[in-house]
Amino acid sequence: MVNTPIKHITVIGSGTMGSQIGMVAALSGYTVALVDISEESLVKARAMLESRMARDVEKGRKDEQQVADAFARMTFTTDRDGEVAHTDHVIEAAIEDIEIKRQLFADLDRIAPAHTILATNSSNIVSSRIADATGRPDKVCNMHFFNPALVMKCVEVVSHEGTSQETIDTTIAIAEKMGKEVVRVNKEIPGFVANRLLNAIRKEALYLYNEGVASFEDIDTAAKTALGHPMGPFQLMDLVGIDVVFLIRMAEYEQTGDEDSLPDPAVKKLYEEGRYGRKTGKGWYDYD
């Protein structure tokens with residue numbers, strides 16, 4: 001049961017995920033604060049969103065007035081404390097570093113009103129590792145969006161043992177108002193549901209490549225033409241970012257201690273060479 005109406009959402013982090021989550025929330029009628037420590041990052045985020053929304057309007061996917069109203073509901077700011085002090089729901093989309101997240105959630109807990117839910121967008125760090133840094137563990141959960149958040153329909157809502165039912169109900173209601181399909185994850189596990197399925201495919205694809213069974217290009221072709229995937233596993237790694245793939249595997253290893261969680265050597269090599277995929281122009285593929 002949802003007892004407190006959610007009107008104001010604060011998104012921490014104005015990177016690709018954070019900025020798009022903020023836009024999705026604003027398009028859904030919420031008043032949104034997109035917060036970052038860097039003014040430059042906020043300027044880039046706004047420019048990216050304006051470009052993306054203009055393209056959607058041009059192609060008829062969005063109404064011009066709808067977009068204008070959404071931007072009117074958004075604030076791009078470095079004043080984290082000022083926004084969090086009157087927010088109803090926080091979605092953290094900052095760096096995947098457990099100590100940074102714990103300090104951030106401790107700060108948010110100190111500033112936010114008593115009813116405010118503190119959610120992390122992390123796909124790999126479970127909320128029980130953050131909740132005890134706050135005085136409101138019952139109001140902490142994972143709310144995991146998928147990239148690009150403006151397009152992808154799935155949101156995984158994950159509770160830890162101490163998360164209240166009201167927190168889960170409220171978070172699910174927010175996601176549904178955003179037009180998302182919610183996957184309720186009842187038990188904490190690194191990677192949750194979708195990424196574990198994806199990792200199983202990626203692991204097998206890397207095995208086939210490392211064993212010389214097929215080139216990465218042909219493995220991608222098989223995934224697309226035989227399985228109907230929109231892109232192959234190697235193309236997807238380049239899109240997500242080789243650095244992201246590497247760091248997620250390292251974060252899982254840090255949690256599990258299982259050497260099977262470590263990044264594949266081929267991924268590690270690309271990471272160490274700075275070949276992060278589309279963002280750097282080179283990954284598995286070269287991009288002009």
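This passage describes helix 1, the salt bridges, the enclosed spaces and two backbone features of a predicted model.

A good place to begin is helix 1, which spans residues 16–27 and contains Ser19. The residue is fully shut away from the surface by the accessibility count: Ser19 has a relative accessible area of 0% and is therefore classed as buried. Its side chain nevertheless has a polar partner, since a polar atom there lies 2.7 Å from the backbone oxygen of Gly15. Leaving aside residues up to four places away in sequence, Ser19 touches Gly13, Ser14, Leu34, Ala45, Met48 and Leu49.

Gly22 belongs to helix 1 as well. With a relative accessible area of 0%, Gly22 is buried. Its contacts, again without residues up to four places away in sequence, are with Val11, Val32 and Met74. Leu49, already met as a contact of Ser19, can also be placed relative to Gly22: the two C-alpha atoms are separated by 9.8 Å, and the residues are 27 apart along the chain.

Attention now turns to the charged side chains. In total, the structure holds 18 salt bridges. One of them pairs Arg61 with Asp56, and the closest N and O atoms of this pair are 2.8 Å apart. The acidic partner, Asp56, has a relative accessible area of 5%, under the 20% cut-off, and so counts as buried. Glu92 and Lys101 form another salt bridge, with an N to O distance of 2.4 Å. Where do the two partners of this bridge stand, buried or exposed? Glu92 is buried, at 0% relative accessibility, and Lys101 is buried too, with a relative accessible area of 1%.

A further salt bridge joins Arg129 to Glu254, whose closest N and O atoms are 3.2 Å apart. This pair links distant parts of the chain, as Arg129 sits in helix 6 (residues 128–131) and Glu254 in helix 11 (residues 242–256), 125 residues apart. Both ends of the bridge fall between the cut-offs of 20% and 50%, so they are described as partly exposed. The relative accessible area is 24% for Arg129 and 49% for Glu254. Elsewhere, salt bridges that share partners bring Arg80, Asp81, Asp107 and Arg110 together in one network.

The empty spaces of the model come next. Rolling a probe the size of a water molecule over the atoms shows where such space is left. How many cavities of 30 Å³ or more does a search of the whole structure find? The search finds 1. The largest cavity holds about 50 Å³ of space. Its lining is made up of Thr4, Ile6, His115, Ile117, Lys139, Glu166, Thr167 and Thr170. Helix 7 (residues 165–177) provides the largest share of that lining, with 3 residues. By residue class, the lining of the largest cavity has 4 polar, 2 nonpolar and 2 charged residues.

Among the pockets, the second largest has a volume of about 210 Å³. Residues from several stretches of the sequence line this pocket: Val24, Leu27 and Ser28, then Lys62 and Gln66, then Leu150, Val151, Met152 and Lys153, and finally Met178, Gly179 and Lys180. The lining of the second largest pocket divides into 6 nonpolar, 3 polar and 3 charged residues. Two of the residues named here, Val24 and Leu27, fall within the residue range of helix 1, 16–27.

Two details of the backbone complete the account. Asn147 and Pro148 are joined by a cis peptide bond, with omega at about 0°. Pro148 is part of the loop that runs between strand 6 (140–145) and strand 7 (154–158). The other detail concerns Phe192, which has a positive phi, near 55°, although the residue is not glycine. Phe192 is located in the loop between strand 8 (181–185) and helix 8 (194–210). Despite this loop position, Phe192 counts as buried, because its relative accessibility of 1% is under 20%.

Notes:
Residues numbered from 1 in each chain as written. Predicted model: local features only at pLDDT ≥ 70, side-chain atom pairs only at ≥ 80, totals over all residues. Heavy atoms only, no water. Helix = DSSP H or I, 4+ residues; strand = E, 2+ residues; numbered from the N terminus. Buried < 20%, exposed > 50% of the residue type's maximum accessible area, 1.4 Å probe, protein only. Polar contact = N/O pair within 3.5 Å; in protein donor to acceptor, adjacent residues only side chain to side chain. Contact = heavy atoms within 4.5 Å. 1 Å grid on protein atoms, 1.4 Å probe; cavity = no way out; pocket = protein on both sides within 12 Å on 5 of 7 lines; lining within 4 Å. Points joined across faces, edges and corners; volume = space filled by probe spheres on them. Nonpolar A, V, L, I, M, F, W, Y, C, P; charged D, E, K, R; others polar. Salt bridge = Lys/Arg side-chain N within 4 Å of Asp/Glu carboxyl O.
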